[in-house]
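Take a look at the structure below. The walk that follows goes through some of its helices and a few of its backbone features.

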Amino acid sequence: MKPQGITEEIEFTPDRTLSLETGRLAKQADGSVVVRLGDTMVLSTATISDSVNESNFFPLTVDYREKFAAGGKVPGGFIKREGRPTDKETLTARLIDRAIRPLFPDGFYHDVHVVNFVISAGLDYDADTIAGVGSSAALMLSGAPFEGPFAEVRVGRVDGEYVVNPTMEQTEESDMDLLVAGKEDALVMVEGEAHEVSEEAMISALDEAHKSIRRLCRGQHQLVQQSGEPEAFEWEADLVPDALVDKMKQQYGQKVADAIRGEYSKEKFYAGIDAIKQEAADDLLGDQNETPDGYTRDEIHDAVEEVQNDEMRSMIVRDGRRIDGRSQENVRDLWMEVGYLPRVHGSAIFTRGETQVLGSVTLGTSEDVQPVDEVFADTDKSFYLHYRFPPFSVGEASYLRGPKRREIGHSMLAERALRPVIPDQDEFPYTIRINTDVTESNGSSSMASVCAGSLALMDAGVPIDKPVAGIAMGLVQHEGETTVLTDILGQEDHLGDMDFKITGTRDGVTACQMDMKIEGLSRDVLLKALKQARKARHHILDGMQDTISDPREQLSEYAPRLTKLQIDPERIGAVIGPGGKVVKSIQKETSTEITVDEEDGVGLVTIAATNQKDAEAAIERVKQIVAVPEEGEDYVGTVKGIRDFGAFVEIMPERTGLLHVSEIDHDYVENVEDYLQVGDKVKVHLLEVKDDGKLRLTRKPFVSKENGEQS
């Protein structure tokens, strides 16, 4: 019997309705929902383990997969099935994870698995934000101790008007693309990019997003009510006992305070706190594994950390002092250098305090684009950035593996930050790859990567409009008071209530990423953080300008020289030749790389060379091929074949005309080979271009009537 599902229709904007359906698919999951917007549909499920995971962190896993079949497509490559997650899938899963994680209570250590499958891919709407709504609804139906619901929306601005969940076409026209997640009463996550918009415009976009988020959250409550309230999941919180925290504060509070307020370096700070943890555990445990009250070594360590966090919050909010001695708005010391790497096309070192990034730029041809084979996108990328966070950057001995979710996320954030200033292909026809390696880290290496990438672009001679800088902002609340921090340290990120990364030029914001750990952050506090970030960003841009003020006028001697020629699209075949014979011949003879494409009805030939001489030789060859023979013009051709009735003369590459026996000389010609041989260079005049493209030649104007010799 066909199951009757329960459906809730939510009109979250005046012209957009999203539907939630449960009870038809994936009923053995603890919670399952099918979300639909237009023709795009996502199956979202939530499953919770009955057993407790023996870890000291919340074991949440979020997956998002785009099925090619959902869009009526077949995956590319030899194996015609979906493989490892694409960057888009990884980034979407990470966005959902960041919204869910702060909405579970402390001390909950049961495994939670949220899965999102795109089962129908419409042409209008992407599935990323839809999957966020589905994930929340599935968790609401699962009975998990989840402090939701939340909803995710995309915000664009087209012709000055904010649009919530714009179509993909509207997103292309928009000057901002923000993904916003929130509850009815607070925002929890923001990520996106913009074309140098003001801080006030960013806040207005978030306000507009929150209106729709509230409607989507109310719709999820309605769905749960229709389905019947789920049975609450039974669990016990695994928290550090308050009595133990109080004991650690009484016995070791002063030592913790002295360590926090002492002379700062990252190594010294962590070593000092670790020593106090060890001392406290040794004093309380002695030779035993547990204290008489049943406290373990790990619980004692966690209790000391609670004391440390409380002391740091008090120092920051009440005393206006941070662990490294800075005030709330100060940026750490900066030093920068460009041109550090001799063989790359552009390079830079950017250092801010104990965070350092080595950036490099590689300029390539159209053969070096990043292919994109996704359900919702198939446009290759000519600009991309890769971020790496090796373990030595934080003093760890570990293994180098493939990029983790965090590295993929930071790569995209830095790429989004720089993308608005990258020149169009018409202006600068190179593929641009930025590589950023974190060599030291103590807070906000992603923002240092933006700065290093911007400096490296200018060192490479890429004509970017303006440099871009980034800064990470934090927030600490303590006993009802709130402090916004500029340029947060790693420890401040760990204990703080907000991580807000903002990038931009002097004229506006280009990207942002915000994660909230508390509820009820006011609009005024957000605007204060944005304005405080702008001040810090300008300070960093001043330092960058002192290092390199403008993009270099000349490219590196090791960078390819690219020249673009426009040709008649009907001549593309002539340039390529049968099986690529012609273009391969030109590349071999001129030591160049040549690509031939057609865009908007125009043939484009791109020539990459390492020196101007080779480039000019290739250009001349291409021009000869695509040139159109004109009646009445003179040419020097090569004899390619001889027949009884005349000779075939190539006057341009792949353009051969007939020099009839009657046009070889003024006198009667009995034997063509008495006058011409294959391979001879001969000057001819083009008499006629026939309708079928055939060429009729003569050499009589250049032959003396007296002796028959060509002049």
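**Starting at the end of a helix**

Just after helix 2 comes Gly143, and its phi is positive, near 85°. The model shown here is a predicted one. Helix 2 is a good place to begin, for several features involve it.

Helix 2 runs over residues 128-142. What span should its 15 residues have at 1.5 Å a residue? They should span 21 Å, and the end C-alpha atoms are 21 Å apart, which agrees. Helix 2 is also mostly covered, with 15 of its 15 residues buried. Buried here means under 20% relative accessible area.

Two other helices pack against helix 2. Take helix 1 to begin with, residues 87-100. The axes of helix 1 and helix 2 come within 10 Å and cross at roughly 40°. That makes helix 1 oblique to helix 2. The crossing is right-handed. Which residues of helix 1 take part in the contact? They are Lys88, Thr92, Ile96 and Ile100. On the side of helix 2, they meet Asp128, Ala131, Gly132, Ser135 and Leu139. By type, the residues of this contact divide into four nonpolar, three polar and two charged. The spacing of such contact residues has a simple background. An α-helix has 3.6 residues a turn, so residues three or four places apart point the same way.

Now turn to helix 4, residues 199-227. Helix 2 and helix 4 pack at an angle of about 35°, and their axes are 10 Å apart. This crossing, too, is right-handed. From helix 2, the contact draws on Val133, Ser136, Ala137, Met140 and Leu141. From helix 4 come Leu216, Gln220, His221, Leu223, Val224 and Ser227. The residues of this contact divide into seven nonpolar, four polar and no charged.

Follow the chain on from helix 2. In the loop between helix 2 and strand 7 (151-158) sits Pro149. A cis peptide bond joins Gly148 and Pro149, with omega about 5°.

Past strand 7 comes another loop, which leads to strand 8 (161-164) and holds Asp159. Asp159 has a phi near 55°, a positive value in a residue other than glycine. Is Asp159 buried or exposed? At 77% relative accessibility, Asp159 counts as exposed.

Glu196 offers another positive phi, about 55°, although Glu196 is not a glycine. Glu196 lies in strand 10, residues 187-197. With a relative accessible area of 26%, Glu196 is partly exposed.

Two further helices lie later in the chain. Helix 8, residues 405-418, has 14 residues. From its first C-alpha to its last, helix 8 reaches 20 Å, close to the 20 Å expected at 1.5 Å a residue. How many of the 14 residues of helix 8 are buried? The number is 12, and helix 8 is mostly covered. Among the buried residues are Ile408, Met412 and Leu413. Glu407, His410, Glu415 and Arg416 are buried as well.

Helix 9, residues 445-460, has 16 residues. Helix 9 reaches 22 Å between its first and last C-alpha, close to the 22 Å expected at 1.5 Å a residue. Helix 9 is mostly covered, and 16 of its 16 residues are buried. The walk ends as it began, with a glycine after a helix. Gly461 follows helix 9, and its phi is positive, near 85°.

Definitions and conventions: Residues are numbered from 1 along each chain as its sequence is written. This is a predicted model: local features need pLDDT of at least 70, side-chain atom pairs count only at pLDDT 80 or more; totals for chains, interfaces and linings use all residues. Side-chain values use heavy atoms; hydrogens and water are left out. Axes are lines fitted to C-alpha atoms, for helices over the stretch in contact, and angles run from 0 to 180 degrees between N-to-C directions. Helices (H or I, at least four residues) and strands (E, at least two) are DSSP runs, numbered from the N terminus. Angles under 35 degrees count as roughly parallel, over 145 as roughly antiparallel, 65 to 115 as roughly perpendicular and the rest as oblique. A crossing is left-handed if the near helix is turned anticlockwise from the far one by less than a right angle, and right-handed if clockwise. Contact means heavy atoms within 4.5 Å. Ala, Val, Leu, Ile, Met, Phe, Trp, Tyr, Cys and Pro count as nonpolar, Asp, Glu, Lys and Arg as charged, and the others, Gly among them, as polar. The expected span of a helix is 1.5 Å times one less than its number of residues. Buried means under 20% relative accessible area, exposed over 50%, partly exposed in between (1.4 Å probe, protein chains only).
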